[in-house]
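Work through the exercises below with the sequence and the 3D structure at hand. Each task is followed by a solution in steps.

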Amino acid sequence: MPSGVEQYPHEQGEGTSVSFEQELLEQRREKLRRIESLGYPAYPHRFSYTHTLAQVLAVCSSKAAEELTQEKSIVRVCGRLQAIRGHGKAGFADLAQGEARLQVYVRKDAVGDRGFELYQLLDLGDFVGVEGYLFRTKTGELSVHVSELTLLAKAMLPLPEKWHGLQDVEVRYRQRYLDLLANVEVRRVFLTRSRLIRALRAALEQRGYVEVETPMMQPLPGGAVARPFRTHHNALDIDLYLRIAPELYLKRLVVGGLDRVYEINRNFRNEGVSTQHNPEFTMLEFYQAYSDYHDLMDLTEQLLPEVVRETCGTTTVLFGDQTIDMGRFARFTLREAISKFWPEESSRPQFSDLADPGRTVAMIETWNCLHPEEDRVPVPANSEAPSGEFSHGAALAQLFEAVCERKLIQPTIIYDFPVEVSPLAKSKPDEPGWVERFELFIGGMEIANAYSELNDPEEQRRRFEMQAALKEKGDLEAHEMDEDYLRALSYGMPPTAGEGIGIDRLAMLVTSSRSIRDVILFPLLRPEISPDAEKE
RNA sequence: GGGCACGUAGCUCAACUGGCAGAGCAGGGGACUCUUAAUCCUCAGGUUGCAGGUUCGACUCCUGCCGUGCUCACCA
């Protein structure tokens with residue numbers, strides 16, 4: 001038999017040589033043509049099966065050879081061909097459905113000449129269906145003795161090699177379907193992610209939360225400090241923004257009497273990409289009326305061990321070379337944390353230093369002296385009234401991140417944040433410069449952010465005005481004035497606490513993934529330039 | 001955006017100090033009716049990411065570009 005290429009030269013040759021990949025494609029086209037000429041449809045519409053592969057394995061794995069021979073039960077099963085081993089007028093092949101594998105045994109005298117010709121035209125990756133009886137081979141492997149073989153769909157391109165899998169990171173992300181086929185661990189990561197989200201939903205539903213969906217396209221991007229993506233609606237001729245957070249809409253729903261609401265959905269932020277940041281990411285936000293941030297601290301400490309146990313079967317997870325106990329939480333105020341995690345004994349700031357804006361400057365300068373190259377924190381302006389300058393509070397928040405964040409491996413709640421970096425949070429009654437807000441850190445990453453929601457419309461307006469002043473000074477991330485939100489608050493919002501949990505990062509923790517791209521099926525990459533497009 | 005690395009056959013990887021681009025798997029042809037990373041014989045498969053430069057000679061050295069990874073900055 002001459003090779004397919006010689007027999008069927010590529011039509012679009014134009015003098016240039018046909019690439020090897022095209023050659024493989026041509027070979028498979030030819031095989032498919034020959035399968036059709038045997039009378040098999042190339043793309044049949046369905047296959048009625050009696051069992052999934054997992055069902056066959058569950059029922060028969062424990063059955064001995066004699067038992068199977070006695071029953072000689074006929075099954076119809078299907079799947080993707082994962083391995084083919086020929087033996088002249090017979091052959092073995094492995095069918096795969098997800099992680100389930102079942103061997104089939106194809107003999108010429110059992111499937112007939114036509115069936116065996118079909119078998120010889122199969123490639124790795126093809127979908128097939130078989131009918132036959134179950135038996136055990138000499139080596140004891142459960143197999144289907146095939147009497148009828150059907151092609152269900154042909155793989156026109158070769159799948160990645162079975163033994164080494166698919167290693168090329170770029171191909172793994174761009175063609176995730178190949179990654180999922182070639183690397184079982186990848187498949188398991190995404191199944192775990194799915195279980196995590198299901199467990200979160202169950203835990204919230206159980207506590208009386210209602211799931212809602214709020215706009216992803218918003219005329220005003222609000223609820224977070226971040227740069228948005230902009231888009232345009234043609235019919236209305238208006239600019240819209242992909243949401244950076246659902247927060248302001250969810251709180252409108254609390255105004256509307258939905259006392260416990262949550263949403264699990266995508267946020268979009270037009271910012272850098274890193275191992276911890278994807279431009280679109282999944283966030284859980286939930287709001288609970290008649291509660292404050294203390295209640296949410298308690299809830300968080302209940303919820304996380306619960307869902308992690310539901311997802312992983314245990315509350316201890318391995319992350320990098322760290323073992324993290326998701327069932328034990330430490331709590332520090334932001335100011336305590338700076339003092340506690342300060343790297344040098346002699347210059348360690350006391351709590352009183354952190355309360356005094358006048359001393360913040362000296363403290364940051366000390367830090368910057370200790371870390372001349374990186375981890376530098378900008379020094380705030382000396383005025384005590386923040387009016388657009390880089391503020392004392394913002395500086396403290398940055399100092400906290402520089403000093404503490406990557407050291408917070410075990411679950412740690414950091415609470416009480418500067419008002420300047422928290423435009424939507426309620427102030428502490430005794431310290432107006434500080435708000436009732438906490439963040440949860442695990443594995444050196446910020447996992448959750450929560451606060452007692454500011455529900456005083458007058459105060460909220462002043463906060464927005466502070467943000468407007470920042471915007472005036474060129475801060476691209478400052479929060480927008482949102483009159484409609486102020487109107488909603490003016491109708492009255494009960495005391496409410498709200499929290500956002502980064503689902504991707506939580507998924508990283510429970511799947512031991514170092515990069516956020518490993519828990520997002522299709523992370524954002526630059527588009528591929530096709531060789532054809534380049535010629536244009 | 002900055003820094004550091006990487007890019008060789010469909011896949012996984014070699015190629016010494018600059019000296020003829022190679023192997024395994026996958027693929028084509030052949031043998032084989034209990035194999036399971038099947039085996040045996042055989043054949044084909046490459047603009048070494050792209051574009052320049054240095055050189056008698058470049059996968060190798062230099063410059064630029066493209067893509068990806070890590071990292072820093074920004075952020076969650």
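## Exercises on the fold and the RNA surface

Helix α5 (residues 108-120) lies across β1, β2, β3 and β5, and runs at about 35° to β5. The model is a predicted one.

**Exercise 1.** Find the order in which the five strands close into a barrel.

*Solution.*
- Follow the strands around the barrel: the order is β1-β2-β3-β5-β4, with mixed pairing.
- From one strand to the next, the twist averages 55°.
- Now take helix α3 (residues 53-60), which packs on the sheet and touches β1 (74-86), β2 (90-97), β3, β4 (127-136) and β5. The direction of α3 makes about 90° with that of β3.

**Exercise 2.** Determine how many bridges join β3 to β5, and how the two strands run.

*Solution.*
- Locate β3 at residues 100-107 and β5 at residues 142-153.
- Three bridges join these strands, which run parallel.
- Within the pair, V104 stands opposite V144 in β5.

**Exercise 3.** Describe the protein surface near RNA strand B by residue class, and list polar side-chain contacts with the RNA.

*Solution.*
- By class, this surface has 16 nonpolar, 17 polar and 22 charged residues.
- Of the 55 residues around the strand, Q27, K31, G86, T139 and H277 come nearest.
- Polar side-chain atoms lie close to phosphate oxygens of RNA strand B in two cases: K31 at 2.2 Å and T275 at 3.3 Å.
- For W163, a polar side-chain atom lies 2.9 Å from a base nitrogen of RNA strand B.
- The elements giving two or more residues to this surface are α2 (20-37), β1, β2, β3 and α6 (169-174).
- On the RNA side, 58% of the atoms of strand B within 4 Å of the protein belong to sugar or phosphate, and the rest to bases.

Note on methods:
Residues are numbered from 1 along each chain as its sequence is written. Chains are lettered from A and ligands numbered from 1 in the order in which they are written. This is a predicted model: local features need pLDDT of at least 70, side-chain atom pairs count only at pLDDT 80 or more; totals for chains, interfaces and linings use all residues. Side-chain values use heavy atoms; hydrogens and water are left out. Two strands pair if DSSP finds at least two bridges between them. Helices (H or I, at least four residues) and strands (E, at least two) are DSSP runs, numbered from the N terminus. Axes are lines fitted to C-alpha atoms, for helices over the stretch in contact, and angles run from 0 to 180 degrees between N-to-C directions. Contact means heavy atoms within 4.5 Å. A residue is near a molecule or strand if one of its heavy atoms lies within 4 Å of it. A polar contact is a pair of N or O atoms within 3.5 Å; within protein, one must be able to donate a hydrogen and the other to accept it, and residues adjacent in sequence count only if both atoms are side-chain atoms. Ala, Val, Leu, Ile, Met, Phe, Trp, Tyr, Cys and Pro count as nonpolar, Asp, Glu, Lys and Arg as charged, and the others, Gly among them, as polar.
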